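Hi everyone, thanks for coming. I have one structure for you today, so let's put it up on the screen.

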Amino acid sequence: MPEVIRINDRISYIKASEEPLSSDVVIIDGDEYTYLFDVGNDEEVAAYLEALPKKKKVILSHFHQDHMGNIGELDCDLVYVGKGTEKYLEET
């Protein structure tokens, strides 16, 4: 299980790792949804995020694998992306 660092009752994060290369993942606990800023690229992180009880909405900062590698492993209601990431996803 990844180490989850709590900032307050609603905001926490999982620190980036080098093996595998994976970005920080920010978790915001909303009333109806859990909002994820980036989803990392680590299987343990994906399993942890998928097990969160609320429906998920994801914001991807950009299309590098370490920031969005787990997106296919998560059941999320909506994914927000910028134009560069949207173009990259259309091409893949």
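Let me start with a question: does Y35 count as buried, partly exposed or exposed, and what is its relative accessibility? Y35 counts as partly exposed, at 29% relative accessibility. Keep in mind that this is a predicted model.

Y35 has a partner, too. Its ring pairs with that of Y33, with the centres 6.1 Å apart and the planes at 55°, so the pair is tilted. Y33 itself is buried, at 13% relative accessible area. And Y33 has another visitor: the charged end of K57 sits over its ring, 4.2 Å from the centre.

There are two aromatic pairs in the structure. The other is F63 with Y88, and this one is stacked, at 4.6 Å centre to centre and 15° between the planes. F63 lies in the loop between β7 and α2, while Y88 is in helix α3, so the pair ties together parts that are 25 residues apart in sequence. F63 is partly exposed at 32%, and Y88 is partly exposed at 30%.

Now the strands. β5 pairs with β2 in the antiparallel sense over four bridges, and Y13 has V26 as its bridge partner there. β5 also pairs with β6, antiparallel and over four bridges, with V26 standing opposite F37. A hairpin of three residues joins β5 to β6.

Finally, the largest nonpolar core. It has 14 residues, and I14, I27, L36, V39 and L49 touch the most other members. β5 and α1 each give two or more residues, and α1 gives the most, with three. V39 has contacts further along the chain, among them V58, M68 and L74.

Key: Residues numbered from 1 in each chain as written. Predicted model: local features only at pLDDT ≥ 70, side-chain atom pairs only at ≥ 80, totals over all residues. Heavy atoms only, no water. Pairing = 2+ DSSP bridges. Core = buried A, V, L, I, M, F, W, Y, C linked by side-chain atoms within 4.5 Å. Buried < 20%, exposed > 50% of the residue type's maximum accessible area, 1.4 Å probe, protein only. Contact = heavy atoms within 4.5 Å. Phe/Tyr/Trp six-rings, centres within 6.5 Å; stacked < 30°, edge-to-face > 60°. Lys NZ or Arg CZ within 6 Å of the ring centre and 35° of its normal. Lists of a residue's contacts leave out its neighbours within four places in sequence.
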